[in-house]
There are 4 protein chains.
Amino acid sequence: MKTVVIGSTGYGGVELIRLLENHPQARIGALVSSSQPREPLKAVYPHLSHMEETLEELDPDRLCEAGDVVFFATPPGVSSQWAPRFAERGKVCIDLSGDFRLTDDAYRRWYGREPASADWLERAVYGLSEWYAEQIRSATLISNPGCYPTASLLALIPLLRERAIDPDTIVIDAKSGVSGAGRGLKLNALFCEVNENLRPYRVDAHQHTPEIERYASEAWGRPVRVTFIPHLVPMNRGILITLTARAAEGWTRRRLEEMYRGIYQSAPFVRIRSENDWPGTKQVQGSNYCDLAVHLDERTGRVIVMSVIDNLVKGAAGQAVQNLNLRMGWDETAGLEGLPLYP
Amino acid sequence: MKTVVIGSTGYGGVELIRLLENHPQARIGALVSSSQPREPLKAVYPHLSHMEETLEELDPDRLCEAGDVVFFATPPGVSSQWAPRFAERGKVCIDLSGDFRLTDDAYRRWYGREPASADWLERAVYGLSEWYAEQIRSATLISNPGCYPTASLLALIPLLRERAIDPDTIVIDAKSGVSGAGRGLKLNALFCEVNENLRPYRVDAHQHTPEIERYASEAWGRPVRVTFIPHLVPMNRGILITLTARAAEGWTRRRLEEMYRGIYQSAPFVRIRSENDWPGTKQVQGSNYCDLAVHLDERTGRVIVMSVIDNLVKGAAGQAVQNLNLRMGWDETAGLEGLPLYP
Amino acid sequence: MKTVVIGSTGYGGVELIRLLENHPQARIGALVSSSQPREPLKAVYPHLSHMEETLEELDPDRLCEAGDVVFFATPPGVSSQWAPRFAERGKVCIDLSGDFRLTDDAYRRWYGREPASADWLERAVYGLSEWYAEQIRSATLISNPGCYPTASLLALIPLLRERAIDPDTIVIDAKSGVSGAGRGLKLNALFCEVNENLRPYRVDAHQHTPEIERYASEAWGRPVRVTFIPHLVPMNRGILITLTARAAEGWTRRRLEEMYRGIYQSAPFVRIRSENDWPGTKQVQGSNYCDLAVHLDERTGRVIVMSVIDNLVKGAAGQAVQNLNLRMGWDETAGLEGLPLYP
Amino acid sequence: MKTVVIGSTGYGGVELIRLLENHPQARIGALVSSSQPREPLKAVYPHLSHMEETLEELDPDRLCEAGDVVFFATPPGVSSQWAPRFAERGKVCIDLSGDFRLTDDAYRRWYGREPASADWLERAVYGLSEWYAEQIRSATLISNPGCYPTASLLALIPLLRERAIDPDTIVIDAKSGVSGAGRGLKLNALFCEVNENLRPYRVDAHQHTPEIERYASEAWGRPVRVTFIPHLVPMNRGILITLTARAAEGWTRRRLEEMYRGIYQSAPFVRIRSENDWPGTKQVQGSNYCDLAVHLDERTGRVIVMSVIDNLVKGAAGQAVQNLNLRMGWDETAGLEGLPLYP
């Protein structure tokens, strides 16, 4: 089965290449880069200097021949235009951008752009693999979740569905490595500005906020709002979210842990940690795992949940491959079995 | 004026040496190290290879001759025994450890040790310079605050005193560089374990929690409890705390900012940042500043405050020198005027 | 085919586990840890929290049943005692330590310990896969090279064999990430000591010096001495060696590059970089590649060669698996096909 | 005494601001930024949020009133045009760029630009404080050395003047933190590209090579060529150069160390380390020190010298202030007494 990657030169795109090259069934049919078409891949990424692929332009006819699945690892505003064209020609599209994750109003407000067509916004399936597998298996257009929403919702949906917390008290303190910001040239992404530094950014303004709220609301049954505060951490990869909310009556730490274990017992990539065993981001580095730990602070009556992922794997390319596996009926873990790289 | 540093070889101690060497009035009279007595300072710290001081044993008679102010940069359980002896001989003691920060019950519970004598626990003055300057000016024993409490309380006390938040809803998500953990040999402090890693630790168990609560309660007038969650960040220096709480009625972002500006207008080391100008830890690196930014998330009705310090300066040795200045009647900023080291 | 890993809890051991878990033919039969026997693996390495293996004691009878290949990822002095016992019972031994890399005299001098038995020192085959494949294919005891010698010799052997340099002028300036120092508790390995620091260590005293000289001498035909200067770099993984030597007459940069390309044309893990395309350590991170670049400084008549590897992969566990593949007659790249993790 | 800084927003410029603010005699009269004129300084550098200075345009009339000393912390090609104009109006100019460090031919070849006027190239004094103090004391235009040349020449000049090495065998393996590359937006300076990476750059092409050779030749008396190989290290600040050369007859390690101690005995910023006490870059962080260690590898007959500096202090702004002190007849260490920031 051949695949096409559009947006091959960003960090999400090159992570897709790493995972697809390692996949037992999928092959790379074409690599597209609008910014550097006709460049050899290895000129852009010398760590792939043994590979002979050349980057291509976004030519739909050519690409429809080159593969049956099209990944978009593109900035906002690209897949909203292009994915429908491929989907209408029978291609499965897996979009790693945010173009199909929000309702049109919310997209307009938070992304400051025109949304995709209402029809395809409707048809797109949210690719949070552990919760939407059924719909993913038959989807034409899979809207892969954002990195923060993946880590947040895997922690939050169980709490909301099981009525374990008061939904008006949710605070998500999120911390991310720098690769989440992409490979663009920005002052704030320079080594000297990031190294030995920790800083908040886009507080109360991050476009992943409404994405988390949309699917949290779906889990709760009524609108849920969260305080979402992202921070940039001096490391390449990894997201840790620290979620707090007032516990509902009758919950203990043990019951919370058992609840998570029960819900994710057949999820191959979610690992529930034991009491006082807090996850670090390095423990999932390079892998598709999401590690969750839960605690009940009895002094304050608050549930505390930690959730860690590799933002480029479970938070982007890995979950995209997991969704490919679900869609194709392959083993959900195909190509994703690698252990975390440690240290 | 001569000073004595007990615990000279930890990171707090060596930072004291840096600041005292730069001080216009204070001089170093003796450097004590129980672990490496009689070693030349430069053998322990080659960055001081031009200095000829030798580390000494903790000999009270000798030290009482060597200086009039005694700093303790020691592990728990040392100053509780020794500071009273120096204080009783007329020395001003400034304790950077936690031995005099809690009531005896709280100390027993959170430190798991026997507390200092009730008498001296009573007489010790809490050294949060901006709020306890009056008492510090005449104190014999100054109990310098912990690093997290310094960053947290400078953000929190104004909110509580001004009734700007609901005190039952306080969550403090705290992030620290690694130097806060000291120079001891621990697996979790190895470079390979910390680098490219972000992890929570001592969740619901950190001994700075009751210290924050004690002085938050004092500001509010009744007991206040906080959810306090510390994280370890792959950097040497710096603390960022992210505080959230439900806003009281009638507050706007602008009013919150003005409130902070008013309260700290004559505090030389507190800088209030403007709207959407979030502080990063590097912006105070090596300096005694605490930078504060406040926001009101109108969607959720929550106040968000960021507070950054250098954990070894304002969070330890710098505030100790600031307290020395207050106690001696010197300019509060003496020896602390250096700009942050950037980048 | 089942394998045994002795020394499972060091960084070399846990990297072997990562690679063996990903191997199409090899399986893990037993994991030995003398320091933490009977501990669950996941208690030592939470990034493997989904694995159920338990660490074992070094019990030869039990281990001889558990596997047919025994890896030693142990400190000096362990395999010299134990590997012969396994080898004599018909097991293939692959030793990642330095116990079988030197002659007995050199071992005594540079390691300060008693060497292995003369008989087994003789029978051990040096596991530099690209140069000793023939002997490895039938070896009983494979002495896997050190990390620095691997990077150095892949650069140096061609120069010496082809008489491209004056062997009296070799300087190897070597730089390594911190994982090469292992997981032991040492002051110099603490995050705060390493981060934002670059320092030389064991100058003129590193035990990899005689190892490089032994096999350099073999390539040249007569004794060769090198100036070898190791440095510690604030990063987890990666080695870069910068080799300089006076060029012999008649060599050009182009001829040097072609020489390397010719020699390594069928070596799957050696990649020759083009003119002015200098390799960075991250470009091989997590992979078994060695990237080489060569330059002729015409102003000074010196050859400059850069060589980068991941010290835990090609410099340790990866080359051990490569040697396993050669020894078993499997595809040389089995289990080692993963692309570098970038960024 | 008032000073003007032209090029205030680069890392060299902002380090000048830090040092001048801390100087007992010098004051800042004007801060110039061609890229961001009329911006408040604190908008560009929030770590200076308590300062009220505004950046200015390069207006010579205004600046000649604003100060008597003009620092240039500018890219190539600026000071060659502007410094003479200020010098001709009686201002002392201290140029941190490379515009006056080479002869015109060499400048053309290595910088690829037109050099400054022959007259001013002639009159400029090389600002390597320890070796050119006499000329600096009466200079109008001081050409501050590059960061690599400072670290290299402080190690190399003594060896050459004392005939301790064979000048045909000098190899300088240089390693620098990233701040040396400035604050410009380049792919290679992004955090994700630099972090966990070590890479050579501009091998055999770095413009500091001819600068080192020029002053090495002056020390030797005849032309000297060096192989100079720079590397980028994942840290903000710090340079380590590792210099090797064949020892001349009759030198021992001890004699070499004594030679260095003798030569630099009255140099306040050069510290000679003892046997086997190798300097790390962090040991000079934020300070104006240059730490030197020397070794004789008796196995190969090679002298090995390590030299570390903070590239922004002794390698740029600190040495500029040291030269200001020399020029003004102030204490050479004025404003530069701060201890290294450790850790």
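Here is a short tour of a predicted two-chain model, with a stop at each selection worth making. Local features need pLDDT of at least 70 and side-chain atom pairs pLDDT 80 or more, while totals for chains, interfaces and linings use all residues. Residues count from 1 along each chain as its sequence is written, chains are lettered from A in the order written, and side-chain values use heavy atoms, without hydrogens and water.

**Both chains.** Start by superposing chain B on chain A, by least squares on C-alpha atoms with pLDDT of at least 70 in both. A rotation of 180 degrees with 0.0 Å of shift does it, at RMSD 0.0 Å, which is the relation of a two-fold axis.

**The interface.** Now select heavy atoms within 4.5 Å across the chains, the cut-off for contact. You will find 50 residues of chain B in contact with 50 residues of chain A. About 4,200 Å² is buried, 53% of it from carbon and sulfur atoms; this is accessible area (1.4 Å probe) lost on putting the two parts together, summed over both. On the chain B side, pick B:Glu196, B:Leu198 and B:Arg299, which lose the most area, together 18% of what that side buries.

**A salt bridge.** Next, show A:Arg299 and B:Glu213: their closest N and O atoms are 2.3 Å apart. The interface has 4 salt bridges, each a side-chain nitrogen of Lys or Arg within 4 Å of a carboxyl oxygen of Asp or Glu.

**A domain.** Finally, select residues 2-139 of chain A, where UniProt (unreviewed entry) places "domain: Semialdehyde dehydrogenase NAD-binding"; such annotations may be inferred rather than shown by experiment.
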